[in-house]
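Dear colleague,

Please find the structure handed over below, together with an account of what was found in it. I should be grateful if you would read the text alongside the coordinates.

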Amino acid sequence: MKITVVGRQMSVRDSLKALVEKKLSKFDRFFDEEAEATVKFGHVRDLERLEITISAGGTLFRCEEESSSFENAMDECIESIERQLRKNKTRLERRLRAGAFAPEYDTAVDPLPEEDNSVIRVKTFRMKPMTPDEAILQMNLLGHNFFVFTNSENESTCVVYRRHDGNYGMIVPEE
């Protein structure tokens, strides 16, 4: 796995880089050498923030944690990504490395109950072209956390969403 370590408005100590490589090496049995991991370190208020994103086989695994230390945040992120892998094990077996979920892994960790991920509701609505600011206003008026709209600036289907920090983000399809 290729690992990229980024420090947001800070420099990352070599000991943290070594810890990242050690902790992420446990995922080598799931991902092949083409997998890429990006680890971002930063400070938020009085807390340490760690964000791990792993891209493998067209699937993204992501976790963001805040804690009193980077080491604690890293442990929480690693556990969260392990939960994501266990929870979606049957769907991921086809995408990830062959033998990633060997029998010894199944017995080492308690399996989570299978979830029914069937669609329980379908909603249709008319999408009129609007600017991102109008889409954010509409999202807030509806009381939703995200809103799908047609961007009047480039005619593409986009999504605006409310971030954990209270700001807004926008997802734009790649051309």
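Which residue in β2 is the bridge partner of Val-6? The partner is Lys-40. Before going further, please note that this is a predicted model.

The sheet

The bridge between Val-6 and Lys-40 belongs to the pairing of β1 with β2 (residues 36-44), which runs in the parallel sense over 6 bridges. These two strands are part of an open sheet of 4 strands, ordered β1-β2-β3-β4, with mixed pairing. At its edges lie β1 and β4 (59-67), each of which pairs on one side only. On average, and with direction ignored, neighbouring strands of this sheet are turned by 15° against each other. Helix α2 (residues 70-87) packs on the sheet and touches β2, β3 (47-56) and β4. The direction of α2 makes about 145° with that of β4.

The loop after β1

Ser-11 sits in the loop that lies between β1 (2-7) and α1 (14-24). Is this residue, Ser-11, buried or exposed? With a relative accessible area of 64%, Ser-11 is exposed, because the cut-off for that class is over 50%. Ser-11 and Phe-41 are separated by 30 residues in sequence, yet their C-alpha atoms are 8.8 Å apart in space.

Salt bridges

A search of the whole structure returns 9 salt bridges. One of them joins Asp-75 and Lys-23, with 2.8 Å between the closest N and O atoms. Asp-75 belongs to helix α2 and Lys-23 to helix α1, so this pair ties together parts that are 52 residues apart in sequence. Both partners count as partly exposed: Asp-75 has a relative accessibility of 30%, and Lys-23 has one of 26%.

Another salt bridge connects the side chains of Glu-51 and Arg-62, at 3.5 Å from N to O. Glu-51 lies in strand β3 and Arg-62 in strand β4, 11 residues apart, and the pair thus links distant parts of the chain. Glu-51 counts as buried at 9% relative accessibility, whereas Arg-62 counts as partly exposed at 42%.

Arg-62 also meets the side chain of Glu-64 in a salt bridge, with an N to O distance of 2.6 Å. Glu-64 is partly exposed, its relative accessibility being 25%. Which residues are joined into one network by salt bridges that share partners? They are Arg-49, Glu-51, Arg-62, Glu-64 and Glu-66.

The largest pocket

The largest pocket has a volume of about 430 Å³. Its lining includes Arg-49, Arg-62, Glu-64 and Glu-66, residues that also appear in the salt-bridge network. Glu-65, Tyr-161, Arg-162, Arg-163, His-164, Asp-165 and Ile-171 are further lining residues of this pocket. Two or more residues of the lining are given by each of the elements β4 and β7 (157-162). Strand β4 provides the largest share, 4 residues.

Strand β4 therefore recurs in this account, and its roles may be set side by side as follows.

- In the sheet, β4 is an edge strand.
- In the packing of helix α2, β4 is one of the strands touched.
- In the salt bridge between Glu-51 and Arg-62, β4 holds Arg-62.
- In the largest pocket, β4 gives 4 residues to the lining.

Yours faithfully

Conventions. Residues are numbered from 1 along each chain as its sequence is written. This is a predicted model: local features need pLDDT of at least 70, side-chain atom pairs count only at pLDDT 80 or more; totals for chains, interfaces and linings use all residues. Side-chain values use heavy atoms; hydrogens and water are left out. Buried means under 20% relative accessible area, exposed over 50%, partly exposed in between (1.4 Å probe, protein chains only). Two strands pair if DSSP finds at least two bridges between them. Axes are lines fitted to C-alpha atoms, for helices over the stretch in contact, and angles run from 0 to 180 degrees between N-to-C directions. Contact means heavy atoms within 4.5 Å. A salt bridge is a side-chain nitrogen of Lys or Arg within 4 Å of a carboxyl oxygen of Asp or Glu. On a 1 Å grid over the protein atoms alone, a cavity is a set of points where a 1.4 Å probe fits but cannot get out, and a pocket is an open set with protein on both sides within 12 Å along at least five of seven lines; lining residues have an atom within 4 Å of a point. Grid points are joined across faces, edges and corners, and a volume is the space filled by probe spheres set on the points.
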